Amino acid sequence: MMKVLEVNVDDVGLGGVYALVKSVIRNKPQGLKLDIACIAEFENPNNVETLKRLGTDVYYVGTTGPRWTRPAAYYRNTLKLLQNGGYDCVHIHGDVAYLLLIFAKAARRAGVNNIILHSHAAGLDGGSRRLKAVLHKLCQHTLPRVATDFAACSDMAAAWMYPGLDTRRVVMIRNGIELERFAYDPAARTRIRGELRLEGAFVVGHVGRFTYQKNHEYLLKAFAAMRRRVSNAKLLLVGEGVLFDQTRAQAEQLGIMEDVIFYGASYDVGALMQAMDLFALPSRFEGLPVVGVEAQAAGLPILFSDHVTRQAALTERVRFLPIDENSVEKWGEAAQVVAEGPGCDRSDDCEKVRKAGFTIQDTVRAFLSLYGVPATDGKAGVTQ
């Protein structure tokens with residue numbers, strides 16, 4: 001059995017990388033063991049148990065020590081795990097070069113022959129962004145010397161992580177999804193809208209952590225503009241995060257609180273997307289948003305910020321809009337066009353996503369190719 005360690009994956013906020021890796025684990029072929037090493041402890045122990053039932057062990061290689069001691073601890077803990085784990089391959093996920101570098105150096109020291117770096121973002125999130133930017137720049141050009149393979153989820157994610165690297169060395173791995181979980185379901189739409197008391201509403205949806213990257217601050221301003229034009233508009237926010245309280249306070253300040261639903265995190269985003277009429281993602285940056293692929297599979301019209309790669313547009317229902325202060329009303333106008341339109345047949349968009357190559361089977365095949373594992377059955381994998 002081949003063993004691969006997926007590094008820097010956790011369930012905090014149920015983010016896109018976790019969703020992607022979990023889906024790969026669910027759909028991988030027999031004879032391949034995928035384990036996870038995380039630097040943030042899993043928030044929900046049930047997720048660890050679910051992964052264990054799928055044959056995946058989760059190891060914590062982080063630390064609760066002072067921030068300045070963490071890089072050394074990540075290195076030591078990962079090195080120890082790799083020296084004792086017998087892994088054939090290390091697949092390191094991340095959005096900043098210095099984290100990828102730490103794990104890659106540990107893998108090299110442990111003697112792992114196949115070290116894969118995978119860029120999932122095109123910008124910096126969280127606090128201390130200036131310091132992070134300096135460290136990112138310092139470490140970028142060292143990455144080609146410590147890894148054997150390079151992957152990215154989009155052109156923008158590749159440019160962010162591997163400047164100067166020959167683009168032919170970077171494998172583009174599409175953020176595929178399990179289509180059946182997002183296919184349009186009229187019965188689910190009626191049920192969810194009833195449960196949330198959204199009958200007769202024009203529902204604008206957003207799925208994402210409450211962080212700097214996802215730009216809820218702009219989203220609320222954009223929704224206020226939408227609400228001025230579409231009187232029955234409601235905003236459904238799915239997610240949690242450090243800026244949750246700040247976002248609630250802003251909604252109060254804008255006078256839109258009664259029209260905003262703070263749903264919290266969800267394990268059934270596919271069902272919630274059925275209740276939406278429009279999906280909005282005004283992110284400051286993205287690699288290639290998994291939720292954007294999911295929303296398109298659900299047949300939703302999409303408003304992306306113009307900071308999202310054009311590679312994220314898989315259907316004709318996608319628009320890219322600026323996120324400067326002078327463009328807020330453009331988001332309102334775009335929502336009005338959708339609200340006053342003839343509606344859309346959402347039933348066939350899964351097939352469009354499939355033809356674009358964004359199924360989880362496409363992603364598993366790409367992972368297997370990086371690992372040097374043949375898909376012997378001619379398919380991506382076998383669901384466990």
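Let's start at Tyr162 in this predicted model. Setting aside its neighbours within four places in sequence, Tyr162 is in contact with Leu117, His118, Ser119, Leu143, Phe150, Ala151, Ala152 and Val170.

From there, we can step back to the surroundings of this tyrosine. Tyr162 belongs to the largest nonpolar core, a set of 75 residues. Together with Ile92, Leu117, Met273, Met276 and Phe279, Tyr162 is among the residues with the most contacts inside that core. Which helix gives the most to this core? The answer is helix H4, spanning residues 97-109, with a contribution of 9 residues.

There is also a second core, separate from the one we have just visited. This one has 29 residues, including Val204, Ile323, Trp331 and Ala335.

Now let's turn to the sheet. Here 6 strands form an open sheet with parallel pairing, and following the order across takes you through S10-S9-S8-S11-S12-S13. At the edges you will find strand S10 (260-264) and strand S13 (318-321), each of which pairs on one side only. On average, neighbouring strands of this sheet are turned by 25° against each other, with direction ignored.

It is worth zooming in on the S10 edge. Strand S9, covering residues 233-238, pairs with S10 in the parallel sense over 4 bridges. If you would like a residue pair to look for, Leu236 has Ile261 in S10 as its bridge partner.

Finally, have a look at helix H13, residues 328-339. Helix H13 lies across four of the strands: S8 (202-207), S11 (278-281), S12 (302-305) and S13. Relative to S12, helix H13 runs at about 165°.

Key
Residues are numbered from 1 along each chain as its sequence is written. This is a predicted model: local features need pLDDT of at least 70, side-chain atom pairs count only at pLDDT 80 or more; totals for chains, interfaces and linings use all residues. Side-chain values use heavy atoms; hydrogens and water are left out. Two strands pair if DSSP finds at least two bridges between them. Helices (H or I, at least four residues) and strands (E, at least two) are DSSP runs, numbered from the N terminus. Axes are lines fitted to C-alpha atoms, for helices over the stretch in contact, and angles run from 0 to 180 degrees between N-to-C directions. Contact means heavy atoms within 4.5 Å. A nonpolar core is a set of buried Ala, Val, Leu, Ile, Met, Phe, Trp, Tyr and Cys residues joined through side-chain atoms within 4.5 Å. Buried means under 20% relative accessible area, exposed over 50%, partly exposed in between (1.4 Å probe, protein chains only).
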